[in-house]
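Please look over the structure shown below before reading the notes that accompany it.

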Amino acid sequence: MAGKITGFFREFVLIFSAILIILGFFILIIGITGVLEDHPMNFLNLTNEILKWGFYFLIIGLIVLGTGLWYLYSYFKNRKFLLDELKTNKRSELIKKHAELKNIVKHLPKKYQKLLKDKEEELSIR
């Protein structure tokens, strides 16, 4: 069951990281508005009950925004590394990085697993 859930999130990592970034930014704005009560920044017309929780919204917004940015960064970093390594046609270079590539592919969508598998078959690597 857990494998299916992580597989689902792995396939749609870009969508979920974008949602986390947008949600985190929105919560962060609410938090800033709540912390700066005296400032005329309450353009969202939030009630005083919500504004009292401003500091907590600020912290939660930073955490959610940071998580979304981290997932987006790690996806693009891993994707770029994999695609750069798969450009090689030298079997020895791919064997040197094979264990690292296998580990990175576990965290990317299945499309990249297939790319690595095809490259392994092309260069006769087990």
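The report below moves from the basis of the model to helix α4, its surroundings and the charged pairs.

## Basis of the model

This is a predicted model, in which local features need pLDDT of at least 70 and side-chain atom pairs count only at pLDDT 80 or more, while totals for chains, interfaces and linings use all residues. Residues are numbered from 1 along each chain as its sequence is written, and side-chain values use heavy atoms, with hydrogens and water left out.

## Helix α4 and its buried residues

Helices here are DSSP runs (H or I, at least four residues), as strands are (E, at least two), and they are numbered from the N terminus. Helix α4 has 33 residues and spans 48 Å from its first C-alpha to its last, which is close to the 48 Å expected at 1.5 Å a residue; the expected span is taken as 1.5 Å times one less than the number of residues.

A residue is called buried under 20% relative accessible area, exposed over 50%, and partly exposed in between (1.4 Å probe, protein chains only). The buried residues of α4 include G54, L58, G61, V64 and L65, and farther along the helix they also include S74, Y75, N78, L82, E85 and L86. The buried residues of this helix pack against α2 (13–35), α3 (48–51), α5, α6 (98–105) and α7 (110–122).

L72 is also found in helix α4, but this residue counts as partly exposed because its relative accessibility is 24%. Contact means heavy atoms within 4.5 Å, and, not counting residues up to four places away in sequence, L72 touches L14, S17 and I21. The C-alpha atoms of L72 and I21 are separated by 9.1 Å, although the two residues are 51 residues apart along the chain.

## A nonpolar surface patch

V35, L36, W53, F55, Y56, I59, I60, L62 and I63 form a nonpolar patch on the surface, and together they have about 910 Å² of accessible area. Patches are made of residues with over 30% relative accessible area and no salt bridge, with nonpolar side chains (Val, Leu, Ile, Met, Phe, Trp, Tyr) joined within 5 Å and like charges within 9 Å. The areas come from the Shrake-Rupley method with a 1.4 Å probe, and for residues only the protein chains shown count as cover.

Helix α4 gives the most to this patch, with six residues. V35, another member of the patch, is found in helix α2 and counts as partly exposed because its relative accessibility is 43%.

## The loop after α4

T88 lies in the loop between α4 (54–86) and α5 (91–96), and T88 counts as buried because its relative accessibility is 13%. The side chain of T88 reaches the backbone nitrogen of K90 at 3.1 Å. Leaving aside neighbours within four places in sequence, T88 is in contact with E93, L94 and K119.

K87 lies in the loop between α4 and α5 as well, yet K87 counts as exposed because its relative accessibility is 63%. The C-alpha atoms of K87 and K119 are separated by 9.2 Å, with their positions 32 residues apart along the chain counted as the distance apart.

## Salt bridges

Side chains of opposite charge can pair when their charged atoms come close. The structure holds three salt bridges, a term that requires a side-chain nitrogen of Lys or Arg within 4 Å of a carboxyl oxygen of Asp or Glu.

K114 and D118 meet through their side chains in a salt bridge (3.2 Å, N to O), and both lie in helix α7, four residues apart, about one turn of the helix. K114 counts as exposed because its relative accessibility is 52%, whereas D118, at 34%, counts as partly exposed. Elsewhere, salt bridges that share partners join K80, D84 and K87 into one network. Within that network, the side chains of K80 and D84 meet at 3.1 Å, N to O, and those of K87 and D84 meet at 3.9 Å, N to O. K80 and D84 both lie in helix α4, four residues apart, about one turn of the helix; K80 counts as exposed at 54% relative accessibility, and D84 counts as partly exposed at 36%.

## A buried histidine in α6

H98 lies in helix α6 and is buried because its relative accessible area is 12%. Leaving aside neighbours within four places in sequence, H98 is in contact with E120, I125 and R126.

Conventions. A polar contact is a pair of N or O atoms within 3.5 Å; within protein, one must be able to donate a hydrogen and the other to accept it, and residues adjacent in sequence count only if both atoms are side-chain atoms.
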